[in-house]
Amino acid sequence: VRALRLARHALKQLPAPLLGVSLAGWLLLTLAQAVSTVPVCISGAAPGADFDTYVAAFGIAQLAAAMTGFGIMLITMMPPLMSGPLLHVWRRSLTRRRLRAVLLFIAGFGLVWLMAGVPLMTMSIVIRGIVGGSEWCAIAFALAIALLWQASPLKQITLNRCHRRPPLAAFGLAAETDALRYGADLGLWCVGACWATMTLALSASGLAHVMLMMAVTIMSLAERVPAPQAAHWGAALPALPDDLRPAWTTR
Amino acid sequence: MPLVRRDVLKLPKTDKTLEWYSKAVDVLKAEPITDVTSWWSLGAMHGIDVDVWKGFHFIKSTPTPPSGSLWKQCQHQTWYFLPWHRGYLVAFERILRDVIANKLKGPKDWTLPYWDYSDGGAAARQLPAAFAKATGTTKGLFVPQRYGTGTKGHPQSPIKMDSRVVAVDRTMTQRFFEGSNTGSPGFGGLKTPFSHGDDHSPFGVLEGQPHGPVHVALGGGDTNSSNPTDWGLMTNPDTAALDPIFWLHHANIDRLWGKWLRQKRKPTDPSDVFANPTDTDWLDGPQDRQFVMPRPDGTTYHFTARDVLDTKAPALDYIYDDESAPPPSADHLEARLESLGVPKRTATTIAGAPMAPPKPAELIGGSAGPVVLNKDVVETRVRLDSGQSRQLSAARSVQAMTESVAPKVPDRVYLNLENVRSKSDAGLFYVYVNLPANADPEKHPECFAGTLSMFGVSKATAQSGSGNGLNASFDITPIVDKLSTQNALSDDLSVKLVAAKPGGTSPDISIGHVRIYRQDQ
């Protein structure tokens, strides 16, 4: 409930163009049956097939389709998460340079995420191979990995870095390279913070895939609302309600 | 009748307010930190760094925080700065009043005094005598840790603040409560979630001047040291509330909020000029963590900004002693237009016309790179984008304003210091624009933009957070106006940062970028 409230609050602040892009992605996902947003090598193979079957089914066409599907996932899920950084680039650029700076930032960010897509999709295939059985087993396995990562101090460290708003040069070549570098840097930290939950979303197909994507987006939005904090086990997990905390007696 | 908070500098000689305050502080200090109404727990509500508190010998072991997220709540770099601190003062005052009335058998109507350091010249800027020395019936108001561990002492006794530290006139002319990231940060700050000072938003105008500089000036300390026990209590948000003067300083900030609200809007002004936000995100926020305060009986309650807007309401029940005075004049625009050379009648007409809300600010110039504050005076050049100085001059042209059918109010200009990073909170710098070479800064108030304090900067710099450092914004419209009337606006501005204390510099203090923004009105 708290995550939903925070996500709603974050969505309210979202610039209209970002909201529009994200909504278009969701529409495409739910309406356009022709586009497979989950890599075809996953959704096309029979559940429970062994790892060799998956590998054998993989070719250039499958890779292209998989990357297209992954790209649509990014277009759908990332705009709400990129609002703060994109506004940072927009506000710190001269009016005549703004569009270029934003495009360079998106290029850096998107490239890192697309490159990360290959190992993430491979991991979801490997999970299916390891677990076997129904798709729900793969989802449960990916969920366990995601929960472990979410609770780890490394998750909080990478999440903190997602709050980075570095100085950006105003003039010259430095203005272009700063925007590109910021996009790539943020992409790396964002992959660090979200790789496990993205793998979870990739572990399902069909409606379950879309529902998991939605849940991951809401959670990722909510976890970016609070300010950075010291990293320790459990730091990035939602705070416990007061009645579950160690209590003092008040006089 | 609401109780009256009075100016500490105007208390009659026979008045016992400070004596009772001192006695109550002693009582609260004797209680353990595990008591939510103790001096220590009340201080930890603002902030606590266990290692620093151990370094000052306030605690011996790591305490378990109380239930209900009571500690580490202070709100900085946010539009919750004023309402949270008001709620904090009310809870503190009620606990002290209860101790004074019931434990000490003193008056039942004790109120927290405030310290108005901005009006009253040099005498008003000197730390009130009762706080400066541990003497007589007010010895509880002196804390040796005000100057750090006490091994280095403080060059002044008592502390005398510079007029640039307490300057408040420009702060009071800010028209809107809520600010933006690039233009004015607003009188009250930017829209944020719960903000315990570990993210990168700029200080609101009142928080930046005089709030932060007064904190650092009263704590002082070693600018080169990254050890917070070398800084002094008021310098560090995690120890500030352990100095009894903290509460008088914040009562003054709270009073200035009320004074700002009492400024009269012109009939043509939008309804949010000199007014609190009506956004429910502010009134009922924050969404991500609730504000909580203790009652004298040790139970706790939650509150929102909406709950602390009317100080005369029974739950707050106080006013300040200057509230009967007529509201300060607010016709700053007319005076500004006249200073640009616009004839009085035209200035009155333009200033009286309906004004739309300001547009988003746009970047018009920036420095070449980072600035390191390792010398007493550091200069950086800020280059304006091609044609921008011409545009600034054109917007201030008397001819354009007198001959146009629909004259525009000239834009406002902001100097933003971004990604200010420091390992010490003790730095204090005066910011000047186009100060003549080799000039004595004190003799050029027309070039003075404001005071940059490092209050809270070390925490925002730490890698345990985002590491962004903080942002500070200064309204330099009067300086640009003056340069325009002198035909001295060029595409290259000089920004000088002058250390408030000679040697109060460090290679660890830096500004990531200096930028200039223009905001159409």
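# Reading a two-chain model, one feature at a time

Modeller: Let's begin with chain A, which has 11 helices and 0 strands; helices (DSSP runs of H or I, at least four residues) and strands (runs of E, at least two) are numbered from the N terminus. This is a predicted model, in which local features need pLDDT of at least 70 and side-chain atom pairs count only at pLDDT 80 or more, while totals for chains, interfaces and linings use all residues. Residues are numbered from 1 along each chain as its sequence is written, chains are lettered from A and ligands numbered from 1 in the order in which they are written, and side-chain values use heavy atoms, with hydrogens and water left out.

Biologist: What share of the residues of chain A count as buried?

Modeller: Buried means under 20% relative accessible area, exposed over 50%, and partly exposed in between, with a 1.4 Å probe and protein chains only. For chain A, 48% of the 251 residues count as buried. Contacts say something about the chain too; a contact means heavy atoms within 4.5 Å. Among contacts in chain A between residues at least 6 apart in sequence, 82% join residues at least 24 apart.

Biologist: How many residues does each chain give to the contact between chain A and chain B?

Modeller: Chain A gives 37 residues and chain B gives 47. Buried area is the accessible area (1.4 Å probe) that two parts lose on being put together, summed over both. Here the value is about 3500 Å², with 47% coming from carbon and sulfur atoms.

Biologist: How many salt bridges does the rule find across the interface of chain A and chain B?

Modeller: Side chains of opposite charge can pair when their charged atoms come close. The rule asks for a side-chain nitrogen of Lys or Arg within 4 Å of a carboxyl oxygen of Asp or Glu. It finds 2 salt bridges across this interface. One of them joins Arg92(A) to Glu418(B), with the closest N and O atoms 3.3 Å apart.

Biologist: And how many residue pairs are in polar contact between chain A and chain B?

Modeller: A polar contact is a pair of N or O atoms within 3.5 Å; within protein, one must be able to donate a hydrogen and the other to accept it, and residues adjacent in sequence count only if both atoms are side-chain atoms. Between chain A and chain B the count is 9 residue pairs, both residues at pLDDT 80 or more. On the side of chain A that touches chain B, helix H1 (2–12) and helix H9 (153–161) are the elements giving two or more residues. The largest share, 5 residues, comes from H1(A).

Biologist: Now a strand. Which residues point each way from S11(B)?

Modeller: Leu470(B), Ala472(B) and Phe474(B) point one way, Asn471(B), Ser473(B) and Asp475(B) the other, and all are buried. Strands pair if DSSP finds at least two bridges between them. Strand S8 (residues 412–421) of chain B is joined to S11(B) by 5 bridges, and the two run antiparallel. Tyr414(B) stands opposite Asp475(B) in that pairing.

Biologist: Asn419(B) has its place in S8 too. What is phi of Asn419(B) near?

Modeller: Its phi is near 50 degrees, a positive value in a residue other than glycine. Asn419(B) counts as buried, at 5% relative accessibility. His57(B) also has a positive phi, near 65 degrees, but His57(B) is exposed, with a relative accessible area of 70%.

Biologist: Which peptide bonds should I look at for cis geometry?

Modeller: The bond from Gln209(B) to Pro210(B) is cis, with omega near 10 degrees, and Pro210(B) lies in helix H9 (residues 205–219) of chain B. Another cis bond joins Gly285(B) and Pro286(B), with omega about -5 degrees.

Biologist: Back to charge. Why does the pair of Arg396(B) and Asp481(B) tie together separate parts of the chain?

Modeller: Their closest N and O atoms are 2.6 Å apart, which makes a salt bridge. Arg396(B) lies in the loop between helix H14 (388–395) and helix H15 (398–403) of chain B, and Asp481(B) in helix H17 (residues 477–485), so the pair ties together parts that are 85 residues apart in sequence. Arg396(B) is buried at 3% relative accessibility, and Asp481(B) is buried at 5%. Salt bridges with shared partners join both residues into one network with Arg336(B), Glu362(B), Asp411(B), Arg518(B) and Asp520(B).
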